[in-house]
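Colleague: I am new to reading structures. Could you take me through this one in short steps?

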Amino acid sequence: MKDITTLKADITTLFGRQYFAVLATRTGEHLHTSLVAFAAADNLKSIYLCTPRATRKFNNIKDNPIVSLLVHNSTNQTTDIRQSIAVTVSGTAAEVDADQLDQARGIYLAKQSQMTGFANAPNTAMVEIRVSRYDVVAHFQEVAILDIGKDRIVSP
C-alpha cells in the first residue's frame, strides 16, 4: 500500500496531465454522465468545473448535490492494464458563492485557459465539488482509498 504522500502525488500528477473527466449526477432513479473540463485545488479538497446553468447536469446538481467524477489516463491500448490509473472522486457539488468566485475561477483558468470565454459568460456557473474521498485504482487492481477530509488512507 502506498503512503499518503505518494498517493496524493499520484493524484496530483494525474490531475495535472488530464484536462477532462466524466461527471456523474443523478436525477430520481437515473444517472447522467457528462464530459467536463476540470481543475483541482492544490490541497485536493475541491475540484472546479463550469457548466451553463440551463443544463441537465446543473439541474441535477441543484436537486441532488452528491456527485462522482472519474479521471483516468487510459489510452485504449492493451498496455493500459499495467500503466493506467483511474481516480473516482466522491463529493458534494454546488455553485460557487460570489465571494469565492474569483479564487475558484483563478484555479480553474490556471489549468483550463482555453475556457476563459466560457468560464466568464454570464450564463455559466462555476461549480465546486467538495471532495470527500478518492478511490484510486492503478495497474488494474491496486486499490487505495483516500479520505481527504480526514487526510488518511482507508482500507478498500
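**Strands, bridges and contacts**

Colleague: Which residue in β3 is the bridge partner of A39?
Modeller: Take the two strands (E, at least two residues; helices are H or I, at least four; both are DSSP runs, numbered from the N terminus). Strand β2 covers residues 30–40 and pairs with β3 in the antiparallel sense. In β3, A39 has as its bridge partner Y48.

Colleague: What kind of model is this, and from which number are residues counted along each chain?
Modeller: This is a predicted model, where local features need pLDDT of at least 70, side-chain atom pairs count only at pLDDT 80 or more, and totals for chains, interfaces and linings use all residues. Side-chain values use heavy atoms, without hydrogens and water, and residues are numbered along each chain, as its sequence is written, from 1.

Colleague: Over how many bridges do β2 and β3 pair?
Modeller: Two strands pair if DSSP finds at least two bridges between them. Here the sense is antiparallel. The number of bridges between β2 and β3 is 3.

Colleague: And over how many bridges do β3 and β6 pair?
Modeller: Strand β6 spans residues 124–138. One link is T51, whose bridge partner in β6 is A125. This pairing is antiparallel too, and its number of bridges is 7.

Colleague: How many of the 7 residues of β3 are buried?
Modeller: First, the cut-offs: buried means under 20% relative accessible area, exposed over 50%, and partly exposed in between (1.4 Å probe, protein chains only). Strand β3 runs over residues 46–52 and is mostly covered. Its count of buried residues is 6.

Colleague: Which residue takes a positive phi in the hairpin of β2 and β3?
Modeller: The hairpin has 5 residues between the strands. The residue is not a glycine, yet its phi is about 65°. At 4% relative accessibility it is buried. Its place is the loop between β2 and β3, and its name is L44.

Colleague: Is F15 buried or exposed?
Modeller: F15 sits in helix α1. Contact means heavy atoms within 4.5 Å. Leaving aside neighbours within four places in sequence, F15 is in contact with several residues, among them F38, A40, L44, I47 and Y134. Its relative accessibility is 4%, so F15 counts as buried.

Colleague: What distance separates the C-alpha atoms of F15 and F118?
Modeller: Along the chain, F15 and F118 are 103 residues apart. In space, their C-alpha atoms are separated by 21 Å.

Colleague: With which side chains does the side chain of H32 make a polar contact?
Modeller: H32 lies in strand β2 and is buried, at 17% relative accessibility. A polar contact is a pair of N or O atoms within 3.5 Å; within protein, one must be able to donate a hydrogen and the other to accept it, and residues adjacent in sequence count only if both atoms are side-chain atoms. Not counting residues up to four places away, H32 touches L23, A24, T25, R56, K57 and N60. Its side chain makes a polar contact at 3.2 Å with that of S34, and one at 3.4 Å with that of R56.

**Salt bridges**

Colleague: How many salt bridges does a search of the whole structure find?
Modeller: Side chains of opposite charge can pair when their charged atoms come close. A salt bridge is a side-chain nitrogen of Lys or Arg within 4 Å of a carboxyl oxygen of Asp or Glu. The search of the whole structure gives a total of 5.

Colleague: Which residue forms a salt bridge with K8?
Modeller: K8 lies in helix α1 (residues 4–17), its partner in the loop between β7 (142–147) and β8 (152–154), so the pair ties together parts 143 residues apart in sequence. K8 is partly exposed at 24%, and its partner at 41%. That partner also has a positive phi of about 55° although it is not a glycine. The closest N and O atoms are 2.4 Å apart, and the partner is D151.

Colleague: How far apart are the closest N and O atoms of K2 and D10?
Modeller: K2 is partly exposed, with a relative accessible area of 34%. D10 is also partly exposed, at 22%. They form a salt bridge, and the closest N and O atoms are apart by 2.3 Å.

Colleague: Which residue forms a salt bridge with E128?
Modeller: E128 is buried, at 14% relative accessibility. Its partner is exposed, with a relative accessible area of 53%. The closest N and O atoms are 3.4 Å apart, and the partner is R130.
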